[in-house]
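Student: Could we take a close look at one part of this protein? I'd like to pick one pocket and then see what surrounds it.

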Amino acid sequence: MKSFDRPSWDEYFMSLAQVVKTRGNCIRQKVGAVVEKDRRIIATGYNGTPQGIPNCFEGGCDRCRAREDGQLERGQDKDKCVCIHAEQNAIIQSAYHGISTKDAEMYTTLSPCSQCAKVIINAGIRRIVCGGKYHDENGIELLKKAKIEVVIKST
């Protein structure tokens, strides 16, 4: 019998998150997220501006543009950014379509910030697999405090 080289579930869903991130429209960084439940994709998300707002790369986010131009330091005026993070977008899409994220798993190309971690916790997601670490590791610590399994994988 022939042997088949198949990716693990983590590798499979992470590779899909890598594809999802290509849709991101943030000029600073692209991130992708996939939410799955029972090995079925229930939502995807990428970072960028909300519906009806010009894309970030079209000038939709003044904060991202100022950061790119070197006018802001990393982390400065984060509350002025209009872009939605990939993790938030995936959870929002799930809610928009009436699909529960309770006991689901999330795959992200980058570990979540603390704001996204709070959303993930309250969405009932039980496990998160990250393709790399975000510069602010507070999100990871918050997830661990909430007893959510966190796996960091290099891509």
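Student: How much space lies in the second largest pocket, to start with?

Tutor: Quick housekeeping first. This is a predicted model, so local features need pLDDT of at least 70 and side-chain atom pairs count only at pLDDT 80 or more, while totals for chains, interfaces and linings use all residues. Residues are numbered from 1 along each chain as its sequence is written, and side-chain values use heavy atoms, with hydrogens and water left out.

Now your pocket: about 290 Å³ of space lies in the second largest one. It is lined by 16 residues, and Tyr 46, Thr 49, Gln 51, Asn 89 and Gln 93 are the closest to its centre. Two elements, β2 (40-46) and α3, each give two or more residues to that lining, and α3 gives the most, with four. By type, the lining splits into six nonpolar residues, nine polar and one charged.

A few terms there need pinning down. On a 1 Å grid over the protein atoms alone, a pocket is an open set of points where a 1.4 Å probe fits, with protein on both sides within 12 Å along at least five of seven lines, and lining residues have an atom within 4 Å of a point. Grid points are joined across faces, edges and corners, and the volume is the space filled by probe spheres set on the points. Helices (H or I, at least four residues) and strands (E, at least two) are DSSP runs, numbered from the N terminus. Nonpolar covers Ala, Val, Leu, Ile, Met, Phe, Trp, Tyr, Cys and Pro; charged covers Asp, Glu, Lys and Arg; the others, Gly among them, are polar.

Helix α3 (86-96) also supplies at least two lining residues to the largest pocket, as do α2 (62-68) and α4 (114-122). That pocket holds about 660 Å³ of space. Its lining has 29 residues, with Arg 28, Lys 78, His 85, Cys 113 and Tyr 134 nearest the centre. They divide into eleven nonpolar, nine polar and nine charged.

Both β2 and α3 turn up again in the largest nonpolar core. A nonpolar core is a set of buried Ala, Val, Leu, Ile, Met, Phe, Trp, Tyr and Cys residues joined through side-chain atoms within 4.5 Å; buried means under 20% relative accessible area, exposed over 50%, partly exposed in between (1.4 Å probe, protein chains only). In soluble globular proteins, nonpolar side chains tend to be buried together. Of the 24 residues in the largest core, Val 35, Ile 91, Met 106, Ile 120, Ile 125, Ile 128 and Leu 143 touch the most other members. The elements giving it two or more residues are β1 (32-37), β2, α3, α4, β4 (127-130) and α5 (138-145). Apart from this core lies another of eight residues, among them Phe 13, Val 20, Val 34 and Val 129.

Met 106 reaches Val 34 and Val 129 too: leaving aside residues up to four places away in sequence, its contacts (heavy atoms within 4.5 Å) include those two, along with Ala 90 and Ile 91.

For contrast, Lys 145 sits in helix α5, and it counts as exposed because its relative accessibility is 68%. Phe 13, at 1% relative accessible area, is buried.
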